[in-house]
Amino acid sequence: MNPASQKSSLADDRRSFPRLQAPLYARPARLKFGDKQRVLDASLGGVRIYSDDAYTEGSNLEVDLFLGDGTTLECRARVAWLRKLPKDAAAVYEVGLAFMDVTPEALERLKSVLVAED
């Protein structure tokens, strides 16, 4: 196995859920009239978003997900990681959010709008 494919294999193994592309938008639930941000990628385990807010790793927040079918799903999430982006980037931070206490019904709704990568 070459080093590049071994590295890819290790990255795949660390994830509990596959990364999926989805037509999703999100915003903190407290901002009922704020701008929606496009979700960069999503899975049944969480989402990756851009943000100009500096969240603390491990902190919990409520997030509204705007699903591709026109409905909204409110989720509790934990900030899994935060990366500062270069000055010319689309936002100040890239943020990984892990879903918490998701009901089976909410998972089914989310699953219905996710599209697997090719």
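Is Gly-70 buried or exposed? Gly-70 is exposed, with a relative accessible area of 66%. The views below start at this residue and then move through the rest of this predicted model.

**View 1. Gly-70 in the turn of a hairpin.** Gly-70 sits in the loop that connects β4 and β5. These two strands form a hairpin with five residues between them, and Gly-70 takes a positive phi near 95° there. For a landmark elsewhere in the chain, look for Leu-24: the C-alpha atoms of Leu-24 and Gly-70 are separated by 9.8 Å, although the two residues are 46 apart along the chain.

**View 2. Strands β4 and β5 side by side.** Follow the hairpin away from its loop and you will see β4 and β5 running antiparallel, joined by seven bridges. One place to rest your eye is Val-63, which stands opposite Cys-75 in β5. Strand β4 covers residues 60-66, and because five of its seven residues are buried, the strand is largely enclosed by the rest of the structure.

**View 3. The hairpin of β2 and β3.** Here is another hairpin, this time with two residues between its strands, β2 and β3. Strand β2 (residues 37-43) and strand β3 (residues 46-51) run antiparallel, and four bridges join them. Within this pairing, Ala-42 stands opposite Val-47 in β3. Ser-43 also belongs to strand β2, and it counts as buried at 1% relative accessibility. A polar atom of the Ser-43 side chain lies 2.9 Å from the backbone nitrogen of Gly-45.

**View 4. A network of salt bridges.** Side chains of opposite charge can pair when their charged atoms come close. In this view, Asp-41, Arg-48, Arg-83 and Glu-94 are linked in a network of salt bridges. Asp-41 and Arg-48 meet through their side chains, at 3.0 Å from N to O. Asp-41 is buried, with a relative accessible area of 9%, whereas Arg-48 is partly exposed at 25%. Glu-94 and Arg-83 form a salt bridge as well, at 3.6 Å from N to O. This pair links distant parts of the chain, with Glu-94 in strand β6 and Arg-83 in strand β5, 11 residues apart. Glu-94 is buried at 11% relative accessible area, while Arg-83 counts as partly exposed at 45%.

**View 5. Arg-76 and Asp-101.** The structure holds five salt bridges, and this view shows one of them: the closest N and O atoms of Arg-76 and Asp-101 are 2.6 Å apart. Arg-76 lies in strand β5 (residues 72-84) and Asp-101 in the loop between β6 (93-100) and α2 (104-113), so the pair ties together parts that are 25 residues apart in sequence. How accessible are the two partners? Arg-76 is partly exposed, with a relative accessible area of 34%, and Asp-101 is exposed, with 62%.

**View 6. The largest nonpolar core.** In soluble globular proteins, nonpolar side chains tend to be buried together. The largest nonpolar core of this model has 23 residues, of which Val-39, Val-47, Leu-65, Leu-97 and Leu-110 touch the most other members. Elements β2, β3, β4, β5, β6 and α2 each supply at least two residues of the core. Leu-65 is a handy centre for this close-up: leaving aside residues up to four places away in sequence, its contacts include Tyr-25, Val-39, Val-47, Cys-75, Phe-99 and Leu-110. Leu-65 also touches Thr-71, Thr-72 and Leu-73, among others.

**View 7. Where to trust the model, and where to take care.** The mean pLDDT of the protein chain is 77, and 71% of its residues reach 70 or more. Which elements mark the two ends of the range? Helix α1 (residues 3-13) has the lowest mean pLDDT, at 40, and β6 has the highest, at 94. Over residues 1-14 pLDDT stays under 50, and the model has one contact beyond four places in sequence for this stretch. Where pLDDT is low, the predicted coordinates should not be read in detail.

Technical notes. Residues are numbered from 1 along each chain as its sequence is written. This is a predicted model: local features need pLDDT of at least 70, side-chain atom pairs count only at pLDDT 80 or more; totals for chains, interfaces and linings use all residues. Side-chain values use heavy atoms; hydrogens and water are left out. A salt bridge is a side-chain nitrogen of Lys or Arg within 4 Å of a carboxyl oxygen of Asp or Glu. Buried means under 20% relative accessible area, exposed over 50%, partly exposed in between (1.4 Å probe, protein chains only). Two strands pair if DSSP finds at least two bridges between them. pLDDT is the predictor's confidence in each residue, from 0 to 100. Contact means heavy atoms within 4.5 Å. A nonpolar core is a set of buried Ala, Val, Leu, Ile, Met, Phe, Trp, Tyr and Cys residues joined through side-chain atoms within 4.5 Å. A polar contact is a pair of N or O atoms within 3.5 Å; within protein, one must be able to donate a hydrogen and the other to accept it, and residues adjacent in sequence count only if both atoms are side-chain atoms.
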